[in-house]
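Thank you all for making time this morning. I would like to walk you slowly through one structure, so please have the sequence and the view open as I talk.

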Amino acid sequence: MNMKLKIALLQLLPGDSLEEQFKIGKAACEKAKAMGADIALFPEMWSSGYVIPQDERLIEEMAISANNHFIQDFGKLAAELQMAIAITFLESHRPKPLNSVILFDRNGKQNLHYSKVHTCDFDLEKMLSGGEDFYVADLDTGRDTVRVGSMICFDREFPESARILMVKGAEVILAPNACPIEINRLAALRTRAYENMLAVATCNYPGGQPDCNGHSTVFDGMAWFAGEPGVRDMCIFEAPEKEGVYVAEIDLELLRKYRKDEVMGNKYRHPEKYGILAATYGHD
């Protein structure tokens, strides 16, 4: 059995309408499939190109439901291409919209629906509500089943995001993004992968999109191999700044062996001593 997982990072510049977003996204998904991808991952909030109006009426007009044809057409496309698609969008919700991702499996069935928990309330995302929890799902690729979860952009800065996904069994985290990728954010992504022994695939907008610079990445979570000298670079792929569809391959067989044999993740945790982490002490 082929235990490899190919993830396409759709590092795209957005258009000016929902129709353009679908047209651009569809072409990118078709290219990803031609490149052998099992999953196509969009950057954060693709439906609006990460445009977040600071007016309640305007943002409500821009937000769409999970049942909107834009979302459902990507589900149909997933079935046509026999490839999973993680589509991101500004989701209709009360009292305020959500920053969401829906993963359709290769049969066009909704596999995962996650809304960003750690919204950037210090900036444009003060207009949004936050999600309630972190979720995982078993994704059938046709050759294998892999447990996936998602975190979105700023979620990366909170160790709890990836930790909860790991505890729930995630092997791969899909991470839509819309911000400058630089040394410190790369360090956070590397650390989330390292400390949880899981892969983190991040898809950003390319240079040319305001406040974004490409550099979509995949960290595979394996810091060393028994019997081999030294350590290895867990960053198995980093895109350039320019627009493009980029595919990276994760070796699930190696990752599973590593998770079984090595000491990170859930192996030596003491959750009974972490009570303060669930308290609201010091939270403004």
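Let me begin with Val136, which belongs to strand β6, the run covering residues 136-140; please keep in mind throughout that what we are looking at is a predicted model. With a relative accessibility of 23%, Val136 counts as partly exposed, because buried would require a value under 20%. If we set aside residues up to four places away in sequence, Val136 is in contact with Leu112, Arg147, Val148, Gly149, Leu165, Lys168 and Ala170. Pro159, for its part, lies 23 residues from Val136 along the sequence, and the two C-alpha atoms are 17 Å apart in space.

Next, the second largest pocket, which holds about 400 Å³ of space. Its lining is made up of 21 residues, and those nearest the centre of the pocket are Tyr50, Asp123, Ala178, Cys179 and Asp211. Sorted by class, that lining comprises 13 nonpolar, six charged and two polar residues.

That brings me to the cysteines, and to a question you may well have: how many disulfides does the structure hold? The count is zero. For Cys29, the closest cysteine sulfur is the one in Cys203, and at 10 Å from the sulfur of Cys29 it is too far for a bond. Cys212 is likewise in no disulfide, the nearest cysteine sulfur being that of Cys179, 6.7 Å away. As for their surroundings, Cys29 counts as buried, at 0% relative accessibility, and Cys212 is buried too, with a relative accessible area of 11%.

Note on methods
Residues are numbered from 1 along each chain as its sequence is written. This is a predicted model: local features need pLDDT of at least 70, side-chain atom pairs count only at pLDDT 80 or more; totals for chains, interfaces and linings use all residues. Side-chain values use heavy atoms; hydrogens and water are left out. Helices (H or I, at least four residues) and strands (E, at least two) are DSSP runs, numbered from the N terminus. Buried means under 20% relative accessible area, exposed over 50%, partly exposed in between (1.4 Å probe, protein chains only). Contact means heavy atoms within 4.5 Å. On a 1 Å grid over the protein atoms alone, a cavity is a set of points where a 1.4 Å probe fits but cannot get out, and a pocket is an open set with protein on both sides within 12 Å along at least five of seven lines; lining residues have an atom within 4 Å of a point. Grid points are joined across faces, edges and corners, and a volume is the space filled by probe spheres set on the points. Ala, Val, Leu, Ile, Met, Phe, Trp, Tyr, Cys and Pro count as nonpolar, Asp, Glu, Lys and Arg as charged, and the others, Gly among them, as polar. A disulfide is a pair of cysteine sulfur atoms within 2.5 Å.
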